[in-house]
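Let's take a friendly walk through this model, beginning with one chain and ending where chains meet.

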Amino acid sequence: MPVTHTQVGCPYCGASCDDLEVVVSDDGKEILEVRNACAIGNEIFHHATKPGRVTRPRLRQEDGTHKEISYDEAVDYAAKVMIEAKKPLIYGFGSTNCEAMAAIGRVAEKGGAVLDNCASICHGPSFLAIFDNGYPSCTLGEVKNRADVVLFWGCNPMHAHPRHASRYSVFPRGFFTRRGHKNRFVICIDPRETDTAKISNLHLMVNQGHDYDLFNAFRTALRGHEIPEEVAGVPREQILEGVDAMKKARFISIFYGMGLCHTDGRNHNVDIAISLTRDLNAITKATIMAMRGHYNIAGPGQVWSWSYGFPYCIDLSKGSVAHMNPGDTSSIDLAMRNDCDAFFNIGTDAGAHFPIEAVKKLRKHPWITIDPNICMASEIADLHIPVAVVGVEEGGVVYRMDNVPIQFKKVIEPPEGVISDEELFNRIYMRMCELTETEPVWIHHPALDVAKAVTEE
Amino acid sequence: MAELLIKNGSVFDPTRSINGDVMDVAIRDGRIVESAGPNAKVIDASGKTVMSGGVDIHAHVAGPKVNAGRTMRPEDKLFKSQAAAGGYRMEMGFSIPSTFRTGYDYARMGYAFVMEAAMPPLHSPHVHEEIHDTPIVDEAALPVFGNNWFVLEYLKRGEIENAAAYIAWLLKASKGYGIKVVNPGGTEAWGWGLNCLTLDDAVPYFQITPKEIVSGLIETNEALGLPHSVHIHQNDLGNPGNYRTTIDTLRLAEGVTAKNRFGREQVIHSTHLQFHAYGGDGWGNFESKAREVVDYVNGQKNVTFDLGAVTLDETTTMTADGPFEHHLNGLNHLKWTNVDVELETAAGVVPYVYSPSIRVCGIQWAIGLELALLCKDMDRCFISTDHPNAGPFTRYPRIYTWLMSRKFRDETIGSFKYSDKVVAATEIAGLDREISLYEIAQMTRSGPAKALGLKDLYGGLSPGQDGNVVIYDIDPANLPSDPSKLEAAFQRAAWFIKTGEVVVKDGEIMNHGNKRTLWVRANVPENPQVKRDIHDKFIKDYTVGLQNYEVRDYLAPNPYVIEVEMEA
Amino acid sequence: MPIVKLTPIAQPELCLDCYAISPDALAGLTESGIADLEVWEGKVRWRLGDFFEVSGDAGRTPDETHVVVDGDASRMKYIGYKMTGGMITVNGSADMYLGGWMKGGKIHVTGDVDSFCGIQMEGGEIMVDGRAQNHVGCAYRGDWRGMRGGTLRIRGDAGNDIGTFINGGTIIVEGNAFIHVSTHGEGGTVIIKGDVQGRVGGQMVKGDIFVLGAIQHMLPGFKKVDTIEKEVDGQPYRLDHYVGDLGERHPSSRGQQVLGNLYVRAA
């Protein structure tokens with residue numbers, strides 16, 4: 001009999017849906033059916049058991065081809081690169097669990113590395129804005145249960161977070177919003193007529209790159225001052241209509257995306273959105289939330305904040321204290337300025353996502369890709385180490401876009417012999433300790449943890 | 001495990017009324033024993049102060065709002081971090097230190113246990129992940145219940161049994177320790193941008209008052225027989241004139257007797273009382289009402305409290321009292337983080353500078369110390385800074401020193417820009433009392449251990465208790481006249497032995513010890529209604545699946561689970 | 001004043017963290033002591049002498065020490081880090097954090113500087129003959145106490161984020177600037193002699209901004225109140241006076257609301 005796993009977490013977008021049902025074959029090896037997921041989430045589960053998975057590390061040879069090697073050899077290679085580089089850069093973590101993010105901390109600290117994650121090219125500007133202005137937010141259940149005005153600014157969840165509107169923000173019937181979308185007034189601010197704009201009650205077509213000016217107009221109008229006839233391409237009447245809707249709201253949720261983070265001003269666009277949220281709290285209740293991309297990209301921000309006090313761009317090279325200053329310690333800047341000399345691409349595809357100049361500069365140094373899949377970063381790497389797919393073959397804690405931790409499950413075993421990110425990082429760490437003849441630092445030794453878990457019940 | 005013999009120290013153990021007597025302490029297999037064998041490793045403690053490991057009853061050290069504070073404050077790391085000790089993890093941050101620095105700094109001060117004071121249940125896996133990464137110091141966490149929809153609904157209908165069954169389930173699901181209440185009702189009102197400032201302000205929609213919530217939870221706590229009492233952050237925190245609400249809340253405990261098998265006597269623990277002992281009707285005539293509050297507490301045996309003493313630092317305030325942080329942000333205009341948590345609670349975070357140049361800050365500092373100096377029963381008065389709200393926990397040694405030295409207090413008052421106004425609004429300048437080492441041990445060891453229902457493990461040096469022994473380089477017969485020397489000795493213990501292992505020597509970390517997570521499993525009669533209610537709310541109102549909500553065992557390795565049985 | 005001359009003899013592969021290149025670090029040291037000071041390339045510690053030929057002993061105190069970097073330092077970060085007095089001359093360009101957390105003394109760079117020049121500066125003078133990248137005289141991430149004193153002059157163009165969270169002191173950019181001038185400003189003065197694309201004074205609480213060229217996109221939160229004659233950096237100008245950011249909170253002083261001032265050259 002096939003087994004149906006319920007309340008399975010989806011390792012795709014930052015909505016981190018955990019209501020999937022996955023039907024697994026008798027032998028536990030094949031995924032037969034995935035229910036409740038969006039098209040992309042569905043594909044991730046099926047992809048895991050399709051033929052063609054790489055199941056052993058592959059090392060580039062002198063003739064340019066890749067040759068299969070053992071995990072021990074790969075661990076040894078990675079440990080040596082980490083030790084020998086003057087400033088190794090470790091980047092990625094879009095697709096892994098928090099256990100792995102904690103484990104890489106030991107490696108990075110020992111290797112004097114810079115530790116960075118995909119926020120660096122995504123919601124990093126949100127962090128800069130949070131540093132400067134805070135983050136009045138809430139969990140997604142608050143939006144579902146209370147929000148009567150929902151504002152999407154520079155984001156298009158209908159495509160990027162396919163179940164966001166139905167699970168959390170627009171359509172669901174919550175405790176104080178029993179009529180679902182009929183209880184909600186939806187505003188979309190975007191230069192394009194997106195599918196999110198199409199489900200909105202009000203669409204303000206802002207001129208691209210002028211969101212800051214429009215926020216400034218909202219704030220100015222909210223304080224009762226006059227604003228010009230048109231700001232950033234939006235007529236005054238429309239701005240005032242938006243302001244009026246927000247003033248009358250009982251609970252406002254502002255969601256924003258790359259439209260703010262990656263147009264001119266970047267962090268300042270988010271920063272002034274936060275200021276607007278704060279202003280609104282003098283009148284009613286308002287919250288703001290970044291539409292984080294991956295299902296656990298909020299994870300490294302959490303794990304590394306408690307480990308080092310910084311969510312990303314963490315320069316550990318001094319060994320004594322960590323330093324963070326995006327612009328200096330951020331991945332793209334380090335690459336473009338030739339300020340790092342080894343690259344670890346983990347659970348992401350820097351080959352596809354980084355500017356080509358940055359890739360070319362990084363490629364002059366050792367490049368190691370750790371990822372379950374074949375991608376550009378795996379194909380241009382000196383060493384590709386495959387790992388289990390988190391959320392499918394490995395469980396663990398993930399942080400949803402609202403920083404709510406969700407304990408993901410595994411539904412099938414990884415291919416024979418393939419190990420998890422966490423185990424791989426622990427092995428690299430142990431090998432670094434052997435090579436440098438130093439004592440490893442554990443609070444809870446991984447081997448002991450297992451023993452304790454068994455004896456507890 | 002090796003045996004240890006700590007010889008000839010001046011021992012302070014209030015659980016056995018030992019007040020500086022020169023004697024030996026022996027440890028075997030992680031516990032205190034009567035005597036050690038001939039092969040025991042000997043530590044000479046002559047001329048030094050020996051106490052059991054410290055117990056911190058209230059600090060925000062792990063979890064979402066602590067981490068939100070870390071994330072939003074890179075400047076709290078800049079030039080304020082401590083260089084890593086060779087071979088150990090980096091130690092970043094000052095007011096909101098990294099988990100590693102948190103564990104190391106508690107150990108350096110000789111603390112064996114700290115209670116994370118507010119765990120949002122939905123975020124409990126996060127809290128346990130951080131506890132997992134905090135070395136050495138044992139920890140537990142108190143889930144917040146004062147604004148939880150289940151609790152509001154059950155208590156509104158007077159269903160104590162159902163409230164008890166739900167709380168028992170949640171303690172197990174979150175691996176929590178007891179019942180924390182923060183701004184009862186007010187935080188749910190904050191879901192609409194509102195607040196409950198008095199005990200009689202009804203919560204929007206739920207139509208229950210803070211008074212009913214507090215009384216109901218006290219009753220539920222005693223019905224369950226939990227090791228700790230209700231642990232409350234009262235309504236109207238931080239506002240002038242709030243002392244009346246404070247005393248009115250404590251009155252709700254009158255006539256209620258503690259029922260438990262752990263030797264706990266109080267039914268309410270009033271936390272960070274400094275923030276709740278304010279007079280005046282605005283900031284203009286803001287003044288201390290510490291005497292009024294302590295006079296009441298002195299007469300009520302079933303009440304304990306901790307100070308929440310202000311340390312005059314730049315720090316980070318954080319609380320589940322969401323509306324308060326919003327209000328505070330309106331006063332200081334620095335950055336503000338807020339997280340409302342569906343069906344359960346909220347949290348706010350705002351940086352704050354307690355400046356000696358600001359009159360109100362000086363008065364707050366005085367109130368924190370007055371509460372201790374006016375208290376008559378030091379087994380019910382505990383030292384805290386509500387870390388990091390009134391200051392970081394690493395300032396405990398400075399608080400001990402202020403309490404022990406009138407000279408140091410006078411120096412501090414003298415350093416204020418408005419010392420005359422601070423003196424006029426308080427009675428600190430007239431208090432001669434100097435707290436003794438014995439009383440420090442009561443306020444940081446025996447007292448909090450008993451109040452938490454943990455006196456079998458912590459708080460004293462009797463055979464059978466955990467082998468947690470700290471040696472401070474302080475000669476009780478010859479206390480240093482320089483307050484900074486006293487503070488330094490408390491800051492970095494000469495030795496700290498945690499469950500039988502030397503974890504600190506000469507103020508430096510030696511070992512990661514054997515850190516534990518404590519939680520409470522309350523066993524209650526089967527309750528189908530509560531089971532159904534939980535199921536329904538997870539289907540309808542939560543956005544996380546029930547299966548993914550309960551903290552999995554591997555997140556809390558090395559657990560110490562306390563079982564309680566509720567009778568049907 | 002004794003001069004310590006540092007002549008580059010090798011360029012690092014990665015950028016070099018040169019906390020040691022400041023009068024404060026050098027004061028009291030002889031040539032050989034200076035050459036032994038530590039610089040960092042990633043996790044590798046080198047001697048200052050591995051990258052520079054050192055000639056001359058330092059003065060007894062920072063105030064009596066003049067450091068001359070005679071050549072290209074465009075991959076040398078943190079020159080003048082936390083300096084309190086004395087002088088630094090860079091005959092060439094310098095990398096990030098030039099004069100970062102500076103409290104006193106003078107720095108003169110004949111070439112360009114990279115980002116974070118004068119970050120959280122409290123006092124002293126910085127003069128850059130060439131261009132500056134982004135974040136001139138800005139705050140460190142998250143700190144609401146940005147530049148608090150001193151004078152920072154860029155004779156060429158500068159990028160974005162000039163004087164973010166400025167609390168005091170003066171920044172002068174003689175060329176053009178991109179976007180974000182005095183964002184979150186709460187004091188101090190910023191003068192841009194060229195043009196600015198936009199976002200001047202956004203979220204500004206108080207302080208003064210002068211733009212002697214044109215602002216392409218004026219923020220809606222600024223309102224024109226007057227046209228005045230005023231001397232700016234020694235020259236008289238006719239200026240339109242705007243107040244703002246009206247979208248931001250503002251303190252009151254003696255019953256009057258205190259606003260930020262933006263002066264733009266009148267047409």
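Of the contacts in chain A that link residues at least 6 apart in sequence, 67% join residues at least 24 apart. Please keep in mind that this is a predicted model. Chain A holds 19 helices and 22 strands, and buried residues account for 62% of its 457 residues. Its C-alpha trace extends about 70 × 55 × 45 Å along the principal axes. Does that fit a globule, and what would the expected radius be? For 457 residues, a compact globule would have a radius of gyration near 23 Å, and chain A agrees because its value is 23 Å.

Now for the neighbours. Helix 13 (residues 298-308) of chain A meets helix 1 (residues 64-72) of chain B, with axes that come within 9 Å and cross at roughly 85 degrees. An angle of 65 to 115 degrees counts as roughly perpendicular, so these two helices, helix 13 of chain A and helix 1 of chain B, are roughly perpendicular to each other. On the chain A side the residues are G301(A), Q302(A), S305(A) and W306(A), and they meet N67(B), R70(B) and T71(B).

Chain C touches chain A too: 28 residues of chain C are in contact with 33 residues of chain A. On the chain C side, strand 3 (38-41) and strand 13 (177-181) are the elements that give two or more residues.

Here is how the residues divide by character:

| Set of residues | Nonpolar | Polar | Charged |
|---|---|---|---|
| Helix 13 of chain A with helix 1 of chain B | one residue | five residues | one residue |
| Side of chain C that touches chain A | nine residues | 13 residues | six residues |

Notes: Residues numbered from 1 in each chain as written. Chains lettered and ligands numbered in written order. Predicted model: local features only at pLDDT ≥ 70, side-chain atom pairs only at ≥ 80, totals over all residues. Contact = placed C-beta atoms within 7 Å. Helix = DSSP H or I, 4+ residues; strand = E, 2+ residues; numbered from the N terminus. Nonpolar A, V, L, I, M, F, W, Y, C, P; charged D, E, K, R; others polar. Rg over C-alpha atoms; globule rule 2.2 N^0.38 Å. Buried ≥ 20, exposed ≤ 12 C-beta atoms within 10 Å, placed from the backbone. Axes fitted to C-alpha atoms, helices over the stretch in contact; angles between N-to-C directions. Parallel < 35°, antiparallel > 145°, perpendicular 65-115°, else oblique.
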